[in-house]
Structures are given as C-alpha cells and as structure tokens.
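Reader: Got a minute to go through this one with me? Put it up and I'll ask as we go.

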Amino acid sequence: MSILRKIAAVAASRFLTIYASLALLYLLLPILTVALFSFNDPIGRSNYSWASFTFDNWLTLFRDPTLVSAVGISLRIALVSTIIATTIGTLMAMALVRYQFRFRKAIDLFVFLPLATPEIVLGASLLTLFVTLRIPLGEITLILAHVMFNVSYVVVTMKARLAGFDMRLEEAAADLGATPWQTFWRVTFPLILPGIAASAVLAFGLSLDDFVITRFNAGQVQTFPVYIYLKVQKGIPPQVNAFATLFFVVTVSLVAIGALLQRRRANLKP
Amino acid sequence: MGMIRRHPALVPLLLLFPGLVWLVSFYLAPNIQMFASSFWSGTLESGFSFSFSNWTNYTDALGKYQQQYARSIQYGFAATLICFAIAFPLAYFIAFKAGRARSALLFLVVAPFFTSYLLRTIGWRTILGDDSIILGPLKAAGFVDPAARFLDTPFAVIAGIAYNFVPFMILPIYVSLEKIDRSSWRRRKISMRAAGVPSVASPSRSRCLAFSRALSSPSSLRLATSSTLNCSAIQTPPWLATSSSASSLLTEITQLRRHSASC
C-alpha cells in the first residue's frame, strides 16, 4: 500500500515537472521563433517558413529607412513619456500614500480606472477628443496618450514601494537639521530610487510595445509596432526580427546587470 | 516654499495636481465625450445632434453586433480556462518544487513581456502555419488532411489570446501560493493522524482550502501581492518588481470590479 502510494507520489511529481516544462516551452516558443527567424533568408517576401541560415539581416539592420525611423520614433516617444509619467506618477503616489485628505479614496480609485478600461476604448475616445479639438495627430498626441496610460502603472508600482518606506529615516534627517528639500534629495530619493527605476522600466516597455492606443492616435506617424502591423500583409522584413531580438537581449542584459549590482550592494552591507 | 509652510494641507494637492490634470484631460474628458456621443444622431455631412431619445443607439448596437459580442465573451471565457490550465500547475511548480531555480523560472515567465506583443503573435503564425514544424510533418506523414489548417480558425484566435494573458495569471497565482505556509498542512496532517483521522484526507482537504482561498479571495491575494512588493523594495531585481506590480495591478482591478459591483 505504502509502496504504491510512493510510486503514485513520484509519478505525480514527475508529471508536474513535465507539465511545467511544457508550459514554459509554450511561453518561450514564440520568442525563440522570432529570434530564430532573424537568421532566416526567406524565399519571397513573407518570413513565415524556414529557408536557409544567414547573418545578412543583422548586417543590413538599418537598410529600410522607414523601419529605422519607426524604431527611432518609438524610442523617442517611450523615453519622453516615461520621464513625464514616472515624475508625475511618483508625486501622485507620494500624495496618496503619505497624506490624509478628503477624496483620497476617490482619487485612488480614479487613478486605477484607466487600467480597468479596455485599451480600445482609451484609444478611440482619445481620438474623438483630438479630432473634436482639432489637435493634429502625431508624436505629440502619442506622448499625451502614452503618459496617460503609463501614469496609472507608475502610481501602482510606486504606491506599493512607498508603503514600505520607514518614515523614521526622514524624521531622523529632520532632527539632524536637514531642510525638507535636503531630506528629500539625500534620504528619500535614494531610497525610493529602485522603485522609480522599476516603474520607469515598466513604463518604457509598455510605451515601446503599445499598439492599440497608438494606432488610433498616430496619424501618419509610424512607430515600431505600427510599422510591423502595416507590413503584415506585404511581408515583414526579417530585419524586424533582428531589431526585436536586439531589444530583447538589451533589456534582459540590463535587468541582469541591475540584479547583479543590487546583489553586490546587498552583500556589501554588514 | 513659504506658502507651503503656512498651508501644509496644500502639499498633497500640489503633488497630485499634474497627474490629475493629465488624467482628467486625457482619460476622463474623452470618456465623458464618448458617452455623450453615444446619444448623438446624424451623419458626418449634416452634423450631429444630441438627444436622450437616441438611447436606441444602444439597442441598435446590441442587435447589430450581437454576434461579435457573443464571440468576444465566448473566446474570452475559453481563453481564461486555457490560461488557468497552464498557469496553475506552472505557478504551483515554481512556488513549491523549483527550489533555487525559482527566480530564474519567474524571469522566464515575464520574458515574453520583453518582446513585442505583435511579433510574439506573429511568431505563433509561424509555429501554427500551414506547413510549419507542427502541421508540416503531420501532413507529410499522411496523418492530417493536406488542406487542414490552424490559422484563421477560432482555435488559433483563442490560443493566441490565451498565450498573451498567461503570464498575467501565473504571477498572481504564484504570489498567493507562495504565501501559503506549507508547514501548516503538515502540522494538520500530524494532528489529524493523532486524532485517528486517516492521513490521506487531511492534506488534500487543506490543499483544497488553500487553493480556494488563494484563488477566490481577492483580499488575501491583494495582501500577498502588496506585501511581496513591500519587502521587495530594496532586495529584488527590477524585473520582479515589474512583474509583481503587473500582478498587483490585476488585484487592484479585481478590487475595483468588486467595489463597483458593491456600489
């Protein structure tokens, strides 16, 4: 009886391991495909079936000026909207976590509403607003839109971080004669910096990858995702796969370096 | 600075001001406008006019796009089930069986976020294509009709939706599973055995309890998430914060839904 049960337990745990590996494979398969097909030399225009191995796509990364400009525009919009959204989102989170005031709960709820709203509603309603106000569509409207959806993400991340903040550190700084301004820049800011970095990474990634809201409000401007979408019918050039793989590798390396630095800093502490 | 010192109540308002202005202008105003325009009638040439009698726009839309609404709900439901079938065992494995590989595995779960959403979806077109690595050999061996295809079928659409949302289900389930104290199961098993209760029954029952608690209670889920975030403030790498903030977003949304349901 107990042997049977042991066998059953081992079988169950083997099964779980295999199932979990397959689930992970399912998650990673498309990423591997995207990377693999950046080394494909496709026959014809569509890059859907494997033909032969080549480094050409990586060597001709900047061949299509439209693609290069799309990548540039995406990076620019992501950078500007991340800076604005991280700044105003951090300020909002500080107000919501540290102060008691009327309508705090209501404002808290209001900040989360954009996250619960379908992207297509956000995109379509913003387009209606811009058209009604006769604001020409372009990079400016995209930045306005990207900051709008990123602010809420930043507030959520920062609020959780700030909730764990030890207020005694600020009190100690004030007791030792620091002005509020000095306290903020020398005590508070360095301590919440990891949270700010995490929010900024999140906002940058969301902005770089946004398609739905961008498609509504881009006008003639082509961002990287819009470029990909427009090329689906005609065939996506393999350089797109190369760019995407490059983004992936760069992000993953940055994250790994960040993790290593933090681990080293943690080890240095007594 | 002087004014702030004299009126400390102004501080939170000043901090909130830029963000609120942004959200009111580019979130609230467009949505109110969209709501208002749902009572419009007219055409682009003759102009539009507002009237509450145009509430029939709603019944018109429901009638005209019935099929699309129904399909959205069906696909969403099917994708949710698939997500759960994939996410739960994986989250369970990472929480309890992965050991030292835990953070590496969590990283792999969020890895899809670092590749373009559109390209990952197009990646599935490659994998499921008509003569892809899956269908190609099956067709060549004669197991499958040469005209058979995955692409452009409800199956492909549901699989694609499920794929894109699986990480959003893995993370919150993982976070709440991680909070369950496994030793309490064992303790209960021992005490039950001492009381003469067959030991097989107890762990499975408490497991069910733990699972249902983890899944059904948004408040415990939320608690778990925010406390993970809090203690992660200094030690954890940013990607974990990013992923756990993604999961806390989800729980916030759940809260929000519950809140609006209770109103």
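Author: What follows is a quick tour, and note that this is a predicted model.

Reader: Start with chain B. How many helices and strands?

Author: Chain B has 12 helices and two strands.

Reader: In what pattern along the sequence?

Author: Chain B runs α-α-β-β-α-α-α-α-α-α-α-α-α-α.

Reader: What share of chain B is buried?

Author: Of its 263 residues, 28% are buried.

Reader: And what percentage of the contacts join residues at least 24 apart?

Author: In chain B it is 56%, taken among contacts between residues at least 6 apart in sequence.

Reader: Now the contact between the chains. How many residues from each?

Author: Chain A puts in 72 residues and chain B 62 residues. On the side of chain A, several helices supply at least two residues each, including α1 (2–36), α3 (65–98), α8 (180–209) and α11 (238–268).

Reader: Which one gives the largest share?

Author: α1(A), with 14 residues.

Reader: What's the chemistry on that side?

Author: The chain A residues touching chain B split into 56 nonpolar, 14 polar and two charged.

Reader: Pick a residue on the B side. Where does B:A111 sit?

Author: B:A111 lies in the loop between α5 (102–110) and α6 (117–128) of chain B.

Reader: What does B:A111 contact, beyond its neighbours within four places in sequence?

Author: A:L28 and A:I31.

Reader: Why does B:A111 count as partly exposed?

Author: Because B:A111 has 19 C-beta neighbours inside 10 Å. Buried takes 20 or more.

Reader: How far is B:A111 from B:P167?

Author: Their C-alpha atoms are 9.3 Å apart, and the two residues are separated by 56 residues along the chain.

Reader: On to the cores. How many residues has the largest nonpolar one?

Author: That core has 70 residues. A:M92, A:L126, A:M148, A:V151, A:V155 and A:A203 have the most contacts inside it. α3(A) gives the most to this core, 15 residues.

Reader: What does A:M148 touch?

Author: Leaving out residues up to four places away in sequence, A:M148 touches A:P114 as well as B:W22, B:L23, B:F26 and B:Y27.

Reader: And the second core, which residues does it include?

Author: That separate core has 27 residues, and B:A79, B:I86, B:V166 and B:L171 are among them.

Reader: Helix packing next. How do α4(A) and α6(A) cross?

Author: Their axes come within 9 Å and cross at roughly 120°. α4(A) and α6(A) are therefore oblique to each other. The crossing is left-handed.

Reader: Which residues meet there, between α4(A) and α6(A)?

Author: From α4(A), A:V111, A:F112, A:P114 and A:L115. They meet A:M148, A:F149, A:S152 and A:V155 in α6(A). The contact counts seven nonpolar residues, one polar and no charged.

Reader: Another pair: at what angle do α7 of chain A and α8(A) cross?

Author: Roughly 140°, with the axes of α7 (residues 167–175) and α8(A) coming within 10 Å. That makes α7(A) oblique to α8(A).

Reader: Left-handed or right-handed, α7(A) past α8(A)?

Author: α7(A) passes α8(A) in a right-handed crossing.

Reader: Who meets whom between α7(A) and α8(A)?

Author: A:L169, A:E170, A:A173 and A:A174 in α7(A) meet A:T183, A:V187 and A:T188 in α8(A). By class, this contact has four nonpolar, two polar and one charged residues.

Note on methods: Residues are numbered from 1 along each chain as its sequence is written. Chains are lettered from A and ligands numbered from 1 in the order in which they are written. This is a predicted model: local features need pLDDT of at least 70, side-chain atom pairs count only at pLDDT 80 or more; totals for chains, interfaces and linings use all residues. Helices (H or I, at least four residues) and strands (E, at least two) are DSSP runs, numbered from the N terminus. A residue is buried if 20 or more other C-beta atoms lie within 10 Å of its own, exposed if 12 or fewer, and partly exposed in between; C-beta atoms are placed from the backbone. Two residues are in contact if their C-beta atoms, placed from the backbone, lie within 7 Å. Ala, Val, Leu, Ile, Met, Phe, Trp, Tyr, Cys and Pro count as nonpolar, Asp, Glu, Lys and Arg as charged, and the others, Gly among them, as polar. A nonpolar core is a set of buried Ala, Val, Leu, Ile, Met, Phe, Trp, Tyr and Cys residues joined through C-beta atoms within 7 Å. Axes are lines fitted to C-alpha atoms, for helices over the stretch in contact, and angles run from 0 to 180 degrees between N-to-C directions. Angles under 35 degrees count as roughly parallel, over 145 as roughly antiparallel, 65 to 115 as roughly perpendicular and the rest as oblique. A crossing is left-handed if the near helix is turned anticlockwise from the far one by less than a right angle, and right-handed if clockwise.
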